[in-house]
Amino acid sequence: MGHECDGCTFVASREAIYVDPEVVRNTTVKPSFVGFFTLPGWTGHLSFYVFKCPDCEMVSLDYPHGYTDFGLLYLKCNVCNRVLPLEVPQNEEIYRKEEMPLPLPTLRERKREIKKITPKDGPIVIAIGETSWPKRLRSFLSL
Ligand SMILES: [Zn+2]
Ligand SMILES: [Zn+2]
């Protein structure tokens, strides 16, 4: 039995997610929210965004992944696999929708913040606290 809720749409595959052609025409590098979707076998739903890849200029559809650049969520181009870090403050809305804490705006600040919580000689591990990790993403990943 798959996931069911009032807030999302079930689709057979990622390719089956409908995006209005008008929306596709107006897509820029700034991601715009398409909706919450669930796929076969998923135990939760994820939010999908359309965006234009700054490298290959194709329009892609993806959900936010964690993490890159010391704490940023990112989207990935479906065509060339380019990673698009979700910088703040430009993408604050996405972090809010994902119920994620806002990362610090610069790489330098984020690195410093992470150093504070990691042992001096140990590897850099980004620990995700129970409260900061959205339930649906966690249940999705534990499949
Ligand atoms: Zn749902
Ligand atoms: Zn691309």
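# Two sheets and a buried proline

In this predicted model, strands E5, E6 and E7 form an open, antiparallel sheet of 3 strands in the order E5-E6-E7.

User: What makes E5 and E7 the edges of this sheet?

Analyst: Strand E5 (65–68) and strand E7 (83–85) each have a single partner strand, so one side of each is left without a neighbour in the sheet. From one strand to the next, the twist averages 50°.

User: How do you know that E6 and E7 are paired?

Analyst: Pairing requires at least two bridges between two strands. Strand E6 (residues 72–76) is joined to E7 by 3 bridges, so the two strands meet the criterion. They run antiparallel. Within this pair, Tyr74 has Pro85 in E7 as its bridge partner.

User: Why is Pro64 called buried?

Analyst: A residue counts as buried if 20 or more other C-beta atoms lie within 10 Å of its own. Pro64 has 25 other C-beta atoms within 10 Å, so Pro64 is buried. Pro64 is found in the loop between E4 and E5.

User: Which residues does Pro64 touch, not counting residues up to four places away in sequence?

Analyst: Pro64 touches Leu73, Tyr74, Leu75, Leu86, Ile94 and Glu98. Contact is called when the C-beta atoms of two residues lie within 7 Å. For Tyr74, there is also a C-alpha separation: the C-alpha atoms of Pro64 and Tyr74 are 5.4 Å apart, although the two residues are 10 residues apart along the chain.

User: What is the strand order in the sheet that contains E4, and what is its pairing?

Analyst: That open sheet has 4 strands in the order E1-E2-E3-E4, with mixed pairing. Strand E1 (9–10) and strand E4 (59–62) are its edge strands, as each pairs on one side only.

User: How do you know that E3 and E4 pair?

Analyst: The threshold is at least two bridges. There are 4 bridges between strand E3 (residues 46–52) and E4, so the pair qualifies. E3 and E4 run antiparallel. Two positions illustrate the register: Val50 stands opposite Leu61 in E4, and Tyr49 has Asp62 in E4 as its bridge partner.

User: Which residue takes a positive phi in the hairpin of E3 and E4?

Analyst: Glu57 does, with a phi near 65°. This hairpin has 6 residues between the strands.

Note on methods:
Residues are numbered from 1 along each chain as its sequence is written. Chains are lettered from A and ligands numbered from 1 in the order in which they are written. This is a predicted model: local features need pLDDT of at least 70, side-chain atom pairs count only at pLDDT 80 or more; totals for chains, interfaces and linings use all residues. Axes are lines fitted to C-alpha atoms, for helices over the stretch in contact, and angles run from 0 to 180 degrees between N-to-C directions. A residue is buried if 20 or more other C-beta atoms lie within 10 Å of its own, exposed if 12 or fewer, and partly exposed in between; C-beta atoms are placed from the backbone.
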